[in-house]
Amino acid sequence: EIKKLQEKLSVLKEKKNSVAVFSAADLPVYPDDFAPFLSKLAEKKFAIGRVTISKTEAGIQVYGDKEVCDWATGVVKSLTGVTPQGAGRPSDDTGSGGEGSGGNKRR
């Protein structure tokens with residue numbers, strides 16, 4: 001059983017965490033409104049603890065694996081029609097990952 005747990009741990013360590021950063025200009029609405037909305041959608045799609053969405057001074061950040069970040073980027077893209085500039089960059093889980101600089105206006 002220890003060996004099985006060690007194998008599962010190694011698989012988890014291999015998965016790189018990513019962060020998708022969306023500037024306020026990248027979002028269809030203000031970050032204060034969009035972060036809770038995106039969190040609710042993520043709760044329905046992903047397991048608890050797999051995704052973290054936080055509001056920053058400049059916009060929002062989505063932490064999770066590549067699938068999570070790709071999903072968040074897709075949601076923003078489908079609502080705005082434009083791919084956010086800084087989305088889905090790999091992270092060392094320190095919160096860095098670039099900041100989007102799209103030219104979208106809030107709708």
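Guide: Let's start with angles between axes: under 35 degrees counts as roughly parallel, over 145 as roughly antiparallel, 65 to 115 as roughly perpendicular, and the rest as oblique. Bear in mind that this is a predicted model.

Visitor: Fine, so why are α2 and α3 called oblique to each other?

Guide: The axes of α2 (residues 31–45) and α3 (residues 66–80) cross at roughly 125°. That value is over 115 and not over 145, so it falls in "the rest", and the two helices are therefore oblique. The axes come within 11 Å, and the crossing is right-handed.

Visitor: What makes the contact between them, residue by residue?

Guide: On the α2 side you have Phe34, Phe37, Leu38, Leu41, Ala42 and Lys45. They meet Trp71, Ala72, Val75, Val76 and Leu79 of α3. Sorted by type, the contact residues come to ten nonpolar, no polar and one charged. Lys counts as charged, so Lys45 is the charged one in that list.

Visitor: How many aromatic pairs turn up in the whole structure?

Guide: Two. In one of them, the ring centres of Phe34 and Phe37 are 5.7 Å apart and the planes sit at 45°.

Visitor: Why is that pair called tilted?

Guide: The centres lie within 6.5 Å, so the rings pair; 45° is neither under 30 degrees nor over 60, so the pair is tilted. Phe34 and Phe37 are three residues apart in α2, which means about one helical turn separates them.

Visitor: How do you know whether Phe34 and Phe37 are buried or exposed?

Guide: Phe34 has a relative accessible area of 1%, and under 20% means buried. Phe37 has 40%, between the 20% and 50% limits, so Phe37 is partly exposed.

Visitor: And what makes Phe46 and Trp71 an edge-to-face pair?

Guide: Their centres are 5.3 Å apart and their planes are at 80°; over 60 counts as edge-to-face, so the name fits. This pair links distant parts of the chain: Phe46 belongs to the loop between α2 and β2 (52–55), while Trp71 is in α3, 25 residues apart. Phe46 and Trp71 are both buried.

Visitor: Which elements make up the chain as a whole?

Guide: Three helices and four strands, running α-β-α-β-β-α-β from the N terminus. Of the 107 residues, 39% are buried. Among contacts with a separation of 6 or more, 68% join residues 24 or more positions apart.

Terms used. Residues are numbered from 1 along each chain as its sequence is written. This is a predicted model: local features need pLDDT of at least 70, side-chain atom pairs count only at pLDDT 80 or more; totals for chains, interfaces and linings use all residues. Side-chain values use heavy atoms; hydrogens and water are left out. Axes are lines fitted to C-alpha atoms, for helices over the stretch in contact, and angles run from 0 to 180 degrees between N-to-C directions. A crossing is left-handed if the near helix is turned anticlockwise from the far one by less than a right angle, and right-handed if clockwise. Contact means heavy atoms within 4.5 Å. Rings of Phe, Tyr and Trp (its six-membered ring) pair if their centres lie within 6.5 Å; planes under 30 degrees apart count as stacked, over 60 as edge-to-face and the rest as tilted. Buried means under 20% relative accessible area, exposed over 50%, partly exposed in between (1.4 Å probe, protein chains only).
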